[in-house]
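Here are my comments on the model you passed along, point by point. Have it open in your viewer while you read.

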Amino acid sequence: MPVVEAAVTVPVPPDLAFAVSQTTTPVRHRWDPFIRAQHFVNGATRPGKGVRTFTRSRHGLTMISEYVSYAPPTNVGMKMVRGPWFFEMFAGGWRFAPASEPGHTVATWRYSFRCRPAPLRPVADRIGVWLLGRDIRRRIAGYAAGCADPEVVAAARRLLSD
């Protein structure tokens with residue numbers, strides 16, 4: 001199963017780094033170049049294990065995903081419940097760990113996926129690694145910029161105080 005991963009060190013502590021990753025629109029649009037629209041579904045108002053979200057990517061593709069883990073400030077994991085026809089399976093996880101420099105965090109984002117149909121998988125998986133690799137690198141760079149954006153950080157601090 002293909003995996004793509006990207007990591008970055010950001011100048012905020014793990015609890016705040018985690019909170020930045022969980023910001024919602026319109027604040028999220030300040031840092032996340034991947035998401036065009038995103039919201040909770042089924043009446044949920046906050047992230048948590050079992051909560052589902054709707055996401056429309058900048059590519060126009062949509063996905064319903066479900067949190068399979070939610071453990072602030074260390075990790076969050078999601079799996080696709082419904083999405084583009086060419087994904088048989090898609091999952092993502094984000095980890096946050098203290099960096100060697102005090103007050104900094106190493107954020108690591110990982111996607112795993114399996115394409116379909118099976119006969120095209122060898123080629124489709126290579127294309128997926130290239131496309132998703134490019135997207136995850138852009139996305140984590142945007143996230144790093146968000147961790148330095150006073151408006152995004154202020155919104156994340158409000159999430160921590162809720």
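**Notes on the fold**

1. Let's start inside the sheet, with F87, which sits in strand β6. Keep in mind that this is a predicted model. F87 has a relative accessible area of 8%, so it falls under the 20% cut-off and counts as buried. Setting aside neighbours within four places in sequence, its contacts are M63, M80, F113, R114, R116 and L132. Take F113 from that list: F87 and F113 are 26 residues apart in sequence, yet the C-alpha to C-alpha distance is 6.9 Å.

2. Now the strand that carries F87. On one side, β6 (residues 87-98) pairs with β5 (residues 75-82) in the antiparallel sense, over 5 bridges. If you want a pair to click on, N75 has R95 in β6 as its bridge partner. The two strands make a hairpin, with 4 residues between β5 and β6.

3. β6 is also joined to β7 (residues 105-115), again antiparallel, by 11 bridges. Here A97 is bridged to V106 in β7. This is a hairpin as well, with 6 residues between β6 and β7, and G103 in the turn has a positive phi of about 80°.

4. How do the strands line up overall? There are 7 of them in an open sheet, ordered β1-β7-β6-β5-β4-β3-β2, with antiparallel pairing. β1 (3-10) and β2 (35-40) are the edge strands, each pairing on one side only. On average, neighbouring strands of this sheet are turned by 20° against each other, direction ignored. Further along the order, β3 (residues 52-57) and β4 (residues 62-71) run antiparallel and are joined by 5 bridges; R56 has T62 in β4 as its bridge partner.

5. The β3/β4 pair also carries a salt bridge worth a look: the side chains of E66 and R52 meet at 2.9 Å, N to O. E66 belongs to strand β4 and R52 to strand β3, and the two are 14 residues apart. Their surroundings differ in accessibility class: E66 is at 16% and so counts as buried, while R52, at 30%, counts as partly exposed.

6. Next, the helices against the sheet. Helix α1 (residues 14-21) lies across β1, β4, β5, β6 and β7, at about 150° to β6. α3 lies across β1, β2, β6 and β7, and runs at about 155° to β7. How much of α1 is covered? Mostly: 7 of its 8 residues are buried, namely P14, L16, A17, F18, A19, V20 and S21.

7. S21 deserves its own line. This α1 residue has a relative accessibility of 1%, so it counts as buried. Leaving aside neighbours within four places in sequence, S21 is in contact with R28, W31, W94, F96 and Y143.

8. One of those contacts, R28, leads to the charged part of the story. As a general reminder, side chains of opposite charge can pair when their charged atoms come close. The salt bridge count for the model is 9. R28 and D32 make one of them, at 3.0 Å, N to O, and D32 makes another with R139, at 2.9 Å, N to O. D32 sits in the loop between α2 (28-31) and β2, whereas R139 is in helix α3, so this pair ties together parts that are 107 residues apart in sequence. Put together, R28, D32 and R139 are linked in a network of salt bridges.

9. Is that network buried or exposed? R28 has a relative accessible area of 5%, so it counts as buried. D32 is at 2% and so is buried by the same cut-off of under 20%. R139 is buried too. I'd look at these three side chains together in the viewer.

10. Last, the surface. V123, I127, W130 and L131 form a nonpolar patch there, with about 390 Å² of accessible area together. I127 has its place in helix α3 (residues 121-146). Its relative accessibility is 45%, so I127 counts as partly exposed.

Notes
Residues numbered from 1 in each chain as written. Predicted model: local features only at pLDDT ≥ 70, side-chain atom pairs only at ≥ 80, totals over all residues. Heavy atoms only, no water. Patch = residues over 30% accessible without salt bridge, like charges linked within 9 Å, V, L, I, M, F, W, Y side chains within 5 Å. Areas by Shrake-Rupley, 256 points an atom, 1.4 Å probe, with all protein chains shown as cover. Salt bridge = Lys/Arg side-chain N within 4 Å of Asp/Glu carboxyl O. Buried < 20%, exposed > 50% of the residue type's maximum accessible area, 1.4 Å probe, protein only. Pairing = 2+ DSSP bridges. Axes fitted to C-alpha atoms, helices over the stretch in contact; angles between N-to-C directions. Contact = heavy atoms within 4.5 Å.
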